[in-house]
Each structure stands twice: as C-alpha cells, then as structure tokens.
Amino acid sequence: MERFDVVLIGAGLAGLQCARLLGRRGCSVLLVDRKSDVDQFVHTTGIFVRKTFEDYPLGEAFLGPAIREVSLYSPAGRRIDLRSGRDEFRVGDMRRIYRHFLAEAVREGVTWLPETSYRTARFDGSVNQIDLLRLGVLTTVEATTLIGGDGARSRVARDLGLDENRAWIAGAEVVLRLPFSGSEPRFHCFIDPRLAPGYLAWYVNDGEEVHLGVGGYPHRFHAAQALRDFRRRVESMFDLSGAEHLETRGGMIPVGGVLRRIGCRRGLLIGDAAGAVSPLTAGGLDPAMRLSELAASVVGDAISTGDMARLDSYSGDAFRSRFISRLWMRSLFARLRSPMLIEAGFTGMALSPLRAVAHHVFFGRGSFPDIASVGAREAGLRT
C-alpha cells in the first residue's frame, strides 16, 4: 500500500497553495481531485483584494488591470461612488493561476492524481487509510495527515469528525469578453433583496473581461433565474453587444465564518471546507491563501518532528474572534428584506459616518488575520 506524509483532497486555490508549500518543506504529498484537469470547473469569481496581491507574488501575467472604483446601486437604482487612492481589486485568470500553482507543486515533488474521487478514510493505529476511486477502480493509500480542501460541503470534515459548514449563499456568474476595451475598470455592486437576497449582484469590468454574477440565500432565490434577470438589467445600463461568452460558474459559498474545530491529530481542513470565507463580503481567496499557509506550517512542523500533537494548535477559535463584527453584520444583512430600508441606508450614506463604513468594507485591509499574528497568539496560549 502506497504511503504519503499527506494526502490532500481538492485542488482549488487552497489545496494548491497548501500542496506546493508542503512540497517545498520536503513532505511527500498526494494531491487528489476529481477533475481531469486542474483548471476545469472554476467556481470562484477570481477577484483578489489588495491585501492578497500585495502579500503574495501571484504574478502580473495572471492578474487583470487594477480597480480603484466601486459603485453601489440601491434597489431603485440610486448610485453611490466610492474611490480609493490605491489599487484595491484585480481579477485573476484563475485557470492560469491554477495551472501555475500545480506546476510549482509538481516541481516540489507533489504527486498529482486527477480524475480521482475521495470516498472515505479510516484511522488504523497511527495512520489514515484513505479510499480513492479512480476511473472506476477503488484503491487505498495511507497518510500520516489527511487534509480536506474539498469545498464547502466537505466529506473529509465528516470523516475526521470536524465541524461542518451550516450557513451558505449560492452564487452564479458568467464571464464575458467584450470586443472593445470598455470603460475605466470599476466594480459595480447592486444591493437589492429582490434580486440577490442576503448578498449582492455584481458587474466587474476590468477593461479586459466582464464578470457578471449574483449571490444570495438559496432558500430565498433561484440563482440561475436571478442571473438571467440581472443580465437583462445590466444590458440596459452597459453595452454588451458582441460580448463573447467565456464560461459560466456557480457554487455554494459558506458564510458562517471560520469553523471552530478545523483540525485534529489525524488531519485538518483548509479553504471553504474550513469556512475560511469572509462572513460579510463572502470573499474567500485571501483566506484560502493565508489559512493554507498556516496549515502547511503546522503540518510540516508536525511531520518533521514526529510530534502530531502540534496539530492541536490548528484551531478556528483565534480566527473567529477577529470576525465577531462581520458575523454580526452578516446576520443583520440577512434580515434586510425590505428594499425601502436599503433605500433609507443609501440616503444615510450621504453622511460621512455611513460612507466611511462602506469605504472600510470595500477598501479595508483587515479582511482576514495575518497568519504570523495568529501563530504567535497560539504559541502564547500553549506556553
């Protein structure tokens, strides 16, 4: 039976980041995904915030033009413009980023196993026995540590006895290429509970591509129909004539915050599986990078020393304490079902305090804690 230090399920951004960092530390890693190619079925809209592209060398070739402008629209179409003095958003070419990260992981010695589904895992003494199904053939591998980067509905979380996501929004998006450069890059956000209950609809034109999508609580709307309705609305505002359809994306996004129990001595969770998404904005790319960095550090240390008790430090509690205000705001936003209340909020946004809040939500750099500070806090708790 083949044995690895780590079997990592899921080759999304979180899984790829974690795999390449573990490979760099000399761990033997098996990276598993049911897709035949790593860049198939991309779910994320690919909007990177300033904090991410400042801290991580994603590569200029993989990022679209910088966006500094945000326009907010009320249910009645009232518009409020926000501007930052810095480059705040960049839309990543996620297919190319995934391929690049995978190539780096393989160069670091990671074994890539596509077209393979995770079935279950058992614990036998000091090792995980993991059943995988590839091309109709069931096989079992062993690993000291099992890592779940397998999305918001994680089967790895269930098998490890860890916490599971309970709060979701559903998202749907189309990606278009315009035959012309378009206007100045801008992030357009539509806040309308009739269209996107509990979240928002977005139109992002970075001058190269257009991302047009909706998100909301799945029990309160039908994402595909809402996307069609939103596109008709957008076509009355922006010129999409001759637009080339590149792809359609969709999926479930956890918005309950980082889960408390995301690790045990058998393994741990990263990315959406760990609830590593901002509860308020539903942004998950920055948390995916940072939590995967922490996971690779903790697992690498545990494997190199043989002390699996080090995995006990991998907890969501330190992160949740940083998200209390966002969790409260998420709960408040979920209850905003009246377009009239939102219109009143837009009226109030003409005042400096509310406008400052909006500016902080979109342009603040504190969406996810720095890994170094969390690690220092955890070390302090253990001494």
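This short presentation covers one helix, two loop residues, a pocket and a cavity in a predicted model.

Let me begin with helix H3, residues 94-107. At 1.5 Å a residue, its 14 residues should span 20 Å, and the end C-alpha atoms are indeed 20 Å apart, so expectation and model agree. Which residues of H3 are buried? They are Met94, Ile97, Tyr98, Phe101, Leu102, Glu104 and Ala105. These residues cover an arc of only 160 degrees around the axis, which means that they sit on the same side of H3. The elements that cover the buried residues of H3 include helix H1 (13-24) and helix H6 (285-305), together with strands S2 (29-32), S3 (47-49) and S7 (111-113). After H3 comes glycine 109, with a positive phi near 100 degrees.

I turn next to glycine 46. This residue belongs to the loop between S2 and S3. Is glycine 46 buried or exposed? Its relative accessibility is 0%, and therefore it counts as buried. Setting aside residues up to four places away in sequence, glycine 46 touches Arg90, Val91, Gly92, Met94, Arg249 and Leu285. One of these partners, Met94, is also among the buried residues of H3. Another, leucine 285, is 239 residues away along the chain, yet the C-alpha atoms of glycine 46 and leucine 285 are separated by 7.5 Å.

The second loop residue is serine 84, placed between strand S5 (79-83) and strand S6 (89-91). With a relative accessible area of 6%, serine 84 is buried, because the cut-off for that term is under 20%. A polar atom of the serine 84 side chain lies 3.0 Å from the backbone nitrogen of arginine 86. Leaving out residues up to four places away in sequence, serine 84 touches Arg68, His359 and Phe363.

Finally, the empty spaces. Rolling a probe the size of a water molecule over the atoms reveals where space is left. The second largest pocket contains about 290 Å³ of space. Its lining comprises 19 residues, and those nearest the centre are Gly92, Asp93, Met94, Arg177 and Glu209. H3 contributes at least two residues to this lining, as do strand S11 (168-177) and strand S15 (244-254).

How many cavities of 30 Å³ or more does the structure hold? There is 1. The largest cavity encloses about 30 Å³ of space. It is lined by Ile191, Asp192, Pro193, Ala196, Gly198, Tyr199, Phe333, Leu336 and Ile342.

To close, Met94 is a residue to locate in the structure: it is buried in H3, touches glycine 46 and lies among the residues nearest the centre of the second largest pocket.

How values were computed
Residues numbered from 1 in each chain as written. Predicted model: local features only at pLDDT ≥ 70, side-chain atom pairs only at ≥ 80, totals over all residues. Heavy atoms only, no water. Helix = DSSP H or I, 4+ residues; strand = E, 2+ residues; numbered from the N terminus. Buried < 20%, exposed > 50% of the residue type's maximum accessible area, 1.4 Å probe, protein only. Polar contact = N/O pair within 3.5 Å; in protein donor to acceptor, adjacent residues only side chain to side chain. Contact = heavy atoms within 4.5 Å. Expected span 1.5 Å × (residues − 1). Arc of directions from axis to C-beta. 1 Å grid on protein atoms, 1.4 Å probe; cavity = no way out; pocket = protein on both sides within 12 Å on 5 of 7 lines; lining within 4 Å. Points joined across faces, edges and corners; volume = space filled by probe spheres on them.
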